[in-house]
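Here are my notes on this model, in numbered points. Please read them alongside the coordinates.

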Amino acid sequence: MPKLYPCNVAMWSIRAGDLNGDGLPDLAVGSIITNGISLLFATGPGTFGPLVSISTITPPRTVEIADINADGIADLIAMKFMPSEALILYGDGTGSFPEFQEYAIDYGASQVTIGDLNGDGLPDLAAPDGGYPVNGVWVMMHQ
C-alpha cells in the first residue's frame, strides 16, 4: 500500500540518494511553484521523516543528486527555469548544503544530466538550451 509524504506543491522532478551519510536513500524533490527543493530524509528502510525545504529563489525544473565536486559527499544540482541557471548546492555530509554556486545557462533550459563527458573521472554537466536564441546543449566541464 503506498504511503503519501506531504511535500511542497507542483513537484516537477524527484531523485533518490544518500544526502546525509547514513547509508539510506533520501529523496530530493523540485517544486516549480514554491521555488525550492523539498528533502525527505530516510528514517529507516522505506520510511521518511518530515519535509525539509531549501529555497532556490526561482523554480527548479530538474533536481539531480551527484558528488559534483568529487569530495565523496552528495551534492544537489538544480536546473532553474526563467532565468535558466544551474544551481549547485554543495553537501556537507550531514544533510545540509551550506555552500552553492549558480551558473547562467540561457533561456528556458529545464533539464540537466551528469556524467564524465571527457574521460577524466570527474562529473560534468550537460543541459539542453530552451531553443531561444539558439538550439543547442550547454556543457560544463568539472574544474
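1. Valine 139 is partly exposed, because its relative accessible area of 43% falls between the 20% limit for buried and the 50% limit for exposed. The model is predicted, so read this value as computed from predicted coordinates.

2. Where does valine 139 sit? It belongs to strand 13, which covers residues 137-140.

3. Val139 also contributes to a nonpolar patch on the surface. Its partners there are Leu117, Val137 and Met141. The patch amounts to about 350 Å².

4. Next, the sheet around strand 13. Three strands form an open sheet in the order 11-12-13, and the pairing is antiparallel. Strand 11 (113-115) and strand 13 are the edge strands; each has pairing on one side only. From one strand to the next, the twist averages 20 degrees.

5. How many bridges join strand 11 to strand 12? There are three, and the two strands run antiparallel. Strand 12 spans residues 124-128. Threonine 113 stands opposite alanine 126 of strand 12.

6. Now to another strand. Serine 13 is part of strand 1, residues 11-17. Is serine 13 buried or exposed? Serine 13 counts as buried because its relative accessibility is 11%, and the cut-off for buried is under 20%.

7. The side chain of serine 13 has a backbone partner. One of its polar atoms lies 2.9 Å from the backbone nitrogen of valine 63. That distance is worth checking in the viewer alongside the burial of serine 13, which has 11% relative accessibility.

Conventions
Residues are numbered from 1 along each chain as its sequence is written. This is a predicted model: local features need pLDDT of at least 70, side-chain atom pairs count only at pLDDT 80 or more; totals for chains, interfaces and linings use all residues. Side-chain values use heavy atoms; hydrogens and water are left out. Patches are made of residues with over 30% relative accessible area and no salt bridge: like charges are joined within 9 Å, nonpolar side chains (Val, Leu, Ile, Met, Phe, Trp, Tyr) within 5 Å. Accessible areas come from the Shrake-Rupley method with a 1.4 Å probe; for residues, only the protein chains shown count as cover. A salt bridge is a side-chain nitrogen of Lys or Arg within 4 Å of a carboxyl oxygen of Asp or Glu. Helices (H or I, at least four residues) and strands (E, at least two) are DSSP runs, numbered from the N terminus. Buried means under 20% relative accessible area, exposed over 50%, partly exposed in between (1.4 Å probe, protein chains only). Two strands pair if DSSP finds at least two bridges between them. Axes are lines fitted to C-alpha atoms, for helices over the stretch in contact, and angles run from 0 to 180 degrees between N-to-C directions. A polar contact is a pair of N or O atoms within 3.5 Å; within protein, one must be able to donate a hydrogen and the other to accept it, and residues adjacent in sequence count only if both atoms are side-chain atoms.
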